[in-house]
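Biologist: Please pick one part of this model and look at it closely. Then set that part in its wider surroundings.

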Amino acid sequence: MPPSSLTSARIPFYRNVRVLTWLVQLLFALGLAVFVWLLLSTMLENLRKQGIPISFAFLTQAAGFGIAEGLAFHPSQSYLTAFGVGILNTLRAAGIGIVLATLLGIAIGVARLSRNWLLERLATLYVETFRNVPLLLWLVFTYAAIRETLPRLREGPSLLWGTVLLSNRGVALAWPELSATFPALRPWLLLALGLGLSTWLWRRYRAQHYHPPARARALGWACAVSLLVSCSGFLWTWWTAPLPLETRVDLEDNTVFVDRNRNGTREEDEPGLPGVQVTLTTPQGRWVAQTAEDGTFTLPEGVPSPPTFTLTPMPPVFWSVPRIQGFNYRGGLVLSPEFAALLCGLVIYTASFIAEIVRAGVLAVPTGQREAARALGLSERQTFTLVIFPQALRVIIPPLINQYLNLTKNSSLAIAVGYPDLFSIALTINNQTGQAIPFVVMIMLAYLSMSLLTSWLLNMVNRRLALQTR
Amino acid sequence: MSMVTKPPAPILPPPQVPRSLIRWLHTHLFSSWWNAVLSLALALGLAGIVQPAWHWLVTVAHWQAITVNLRLFTVGLYPSEQLWRPGALLILLAFLCGGSAAVYGDLMWRVSRTLLLGCIFLACLLTAPAQLIMGGAALALLAGYALGRYRCPHRWGWQLGWCLSLPVVLLGLGGVEGTGLVSVSSTQWGGLLLTLLLAAVGIVASFPLGLLLALGRQSTLPVIRWSAIAYIELVRGVPLISVLMMFAVLLPLFLPASWGRPNMLLRILVGMTLFTAAYIAENVRGGLQAIPRGQYEAATALGLTWLQSMRHIILPQALRAVIPALVGQCISLFKDTSLATIIGSLELLGIAKTVIEQADWKSVTGGVVFEVFIFTALIYGVFTYSMSRLSRRLEHVLGVGTR
């Protein structure tokens, strides 16, 4: 008897594995569908009782609430715009957080590997302290510490020679700022970019075709060329920026303006001139002030009635140092207490995890690599930067991606400190409209697309760094 | 031809380096000029921080804010005349721990020892009613140990005890109508009690679900596999607070109106469990993938069914391989219970926030932000640190990496 007739058509369907697997899947799918249908129908029923139809039409209606941070937003703008502002706020917090946490994390991770006992102990203390306590605790208490324990605006401490001001109104940092002469610098920057790019391409082309060792220095050359062009552009624009001949100073309200009709007084249609540096020379000394957007400038206290002015143009980019004016900070980069607390908490907490990842990555490089590099005569620093760290990166990158995603998701805890990120704005929208399903869909879509984007970008980096094997 | 053979050189012992403070300082702090500068700078900076910090800790800080509110921190708003109930439940759990220590040995023994020392320490530190409870817990632990050692060395008895403990704790805290136990609404539970309860229920409930999801993701049946993948990836893509908030807002919508509104604790627990399950599933999947194919094939060749091979061959190895990751997940679940504060529940962090806002302490210069912060962080730190110690011990006991 041929074996085929033994098996064929004898297996009853209830013992046939193929039939059974399909049956199981069918039952599972049916069960799932019934479950989801039950939930949805109950929800629709409940929503109908409350009189809220599900639709996304509300997104175009006026939001009716203000947003304290991020892009300028008016309550009459739509819910969708509000959500967009929220997304940008989240990206801002997450983006800055990722950069700072990476820098701090690498520093702490390397410090944990240091041969200096004190440094190593301190880094360990840092990691163990910050990793073992919930992030929300850090956030809540950083915020409380800023709001409750820091003094009021005028009594706040000023650190690092006045470049950092602290108070319960937030943190103000000295920061490079664009002045009114910046547009003149723009072509120079474009030129720098173009020249840098062409240098890079040219060096790569030359390296591939004629002179292989030159390739390694392509990026360095490109950066050097760009930097040189931008710097000369900066100096050129600064020195040659013209002041209109009719520029006058209005001494009554401290304004620099363009006297179009040359009558010496300021009219309604004569605009203030921003970006002018006003130097006052008096027998008592020299004072420097600069004009704001509307052309006004503030004289420091104690300046006697000024006899002479010198007007010079501002550099296109200048170092703006914060100062207190009225009830707020003026100039510099001002971080609100909410943003400062969120950023501080996220960075400190995530850095402790990144430090451990970096340490594990460096320890994963075989000792032989270090010994071989030292035997070749590389210095301790060269060994680390040229041999150990590039290899450690391969181990570090995948878990690092995970930490970046965690940080992005953790930024939703902003709601605890009142920073208007995408989650808290979506929640406000949900509270106002009662549109629960669109709320869930919007949250899911926003976070999922951010996660996917981040992991896609970093996976590309990972693929470039991965070991090239056959 | 004669060969001249030299006798091999004698093997010398490693050079004896005399241990001295100077040598230690030289190798650890002053090995190069750069290290010396660094050490000195760090030491100076440390001295500049430690001295004022110590001064603040000892003389300025208002630790009364903690001692006065100790009851809030431990049990929240639980009615004071019912406080014997959490106390009795603690004693009961201590008893179970002691008994398991006698029956299971090593790991449970270590847990019980730590618990015993903690109870005795707290009993010495605290005052009247709490002191009695802690002392009682220590005694109950010893009694349980004696019982397990000499009278009841059966595992099943203690296992049954543990299985019943969670419902007993929940019923004991919540009370049963018609008996002597007055009902206490779950909105009154709080502090460390609620934090521990959330973490315990979360871990216990999410583990089986995570296991099922991991098996589903490894399944050869496409419908089941894709459902599991969709669930895991969707949940892992969104932050926990959004899941919690969705359940807080949406769970009443999804349930029939006749069931009434589910209480907030339940919504938080459901959200936390469903969220953690997705992460546990990924950890377990890592373990499942680490098992060589031969193990699956050998199990099939022995004629074991799928369930049997999972139960006896695959899962014991897979779970053992991912203990650190699983305990890490438990630690992060423990830390994540603090998110319940945002939903408005008064667990440890929620209580800490209310203490800061108390009128008595708000009027003190600078408030009591730092005192409360240090105390709360210390409690979280003690628990997470002991969990990670436990994980290391568990690996050792199960022989990870040695067999």
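Modeller: I start with one helix and work outwards to the chains.

This is a predicted model, in which local features need pLDDT of at least 70, side-chain atom pairs count only at pLDDT 80 or more, and totals for chains, interfaces and linings use all residues. Residues are numbered from 1 along each chain as its sequence is written, while chains are lettered from A and ligands numbered from 1 in the order in which they are written.

Take helix 11 of chain A, residues 422-433. Helices (DSSP runs of H or I, at least four residues) and strands (runs of E, at least two) are numbered from the N terminus. Helix 11 of chain A has 12 residues. From first C-alpha to last it reaches 16 Å, close to the 16 Å expected at 1.5 Å a residue. That expected span is 1.5 Å times one less than the number of residues.

Which residues of helix 11 of chain A are buried? They are Leu422(A), Phe423(A), Ser424(A), Ile425(A), Ala426(A), Thr428(A), Ile429(A) and Asn430(A). Buried means 20 or more other C-beta atoms within 10 Å of the residue's own; exposed means 12 or fewer, partly exposed in between, with C-beta atoms placed from the backbone. These buried residues pack against helix 3 (79-112) and helix 12 (436-465) of chain A. Helix 11 of chain B joins them as a packing partner. Just after helix 11 of chain A comes Gly434(A), with a positive phi of about 70°.

Now the chain-chain contact. On the chain B side 45 residues take part, on the chain A side 44. Two residues are in contact if their C-beta atoms, placed from the backbone, lie within 7 Å. Several elements of chain B each supply at least two residues to its side, among them helix 2 (33-60), helix 10 (222-237), helix 11 (240-254) and helix 19 (369-398). That side of chain B divides into 29 nonpolar, 14 polar and 2 charged residues. Nonpolar covers Ala, Val, Leu, Ile, Met, Phe, Trp, Tyr, Cys and Pro; charged covers Asp, Glu, Lys and Arg; the others, Gly among them, are polar.

Back to chain A as a whole. An automatic or database assignment sets the domain bounds. In chain A these are domain 1 (79-174 + 336-465), domain 2 (178-240) and domain 3 (247-316). Where domain 2 of chain A touches domain 3 of chain A, helix 7 (residues 218-240) of chain A gives the most to the domain 2 side, with 3 residues. That side has 7 nonpolar, 3 polar and no charged residues.

Chain A has 12 helices and 13 strands. Its C-alpha atoms fill a box of roughly 120 × 80 × 50 Å along the principal axes. Of its 470 residues, 29% count as buried.

Chain B comes to 19 helices and 0 strands. Its domains are domain 1 (77-181) and domain 2 (185-403). Their centres, taken over C-alpha atoms, are 24 Å apart. Each of these two domains of chain B puts 12 residues into their contact. On the domain 1 side, helix 6 of chain B has the largest share, 5 residues. The C-alpha atoms of chain B fill a box of roughly 105 × 70 × 50 Å along the principal axes. Of its 403 residues, 31% count as buried.
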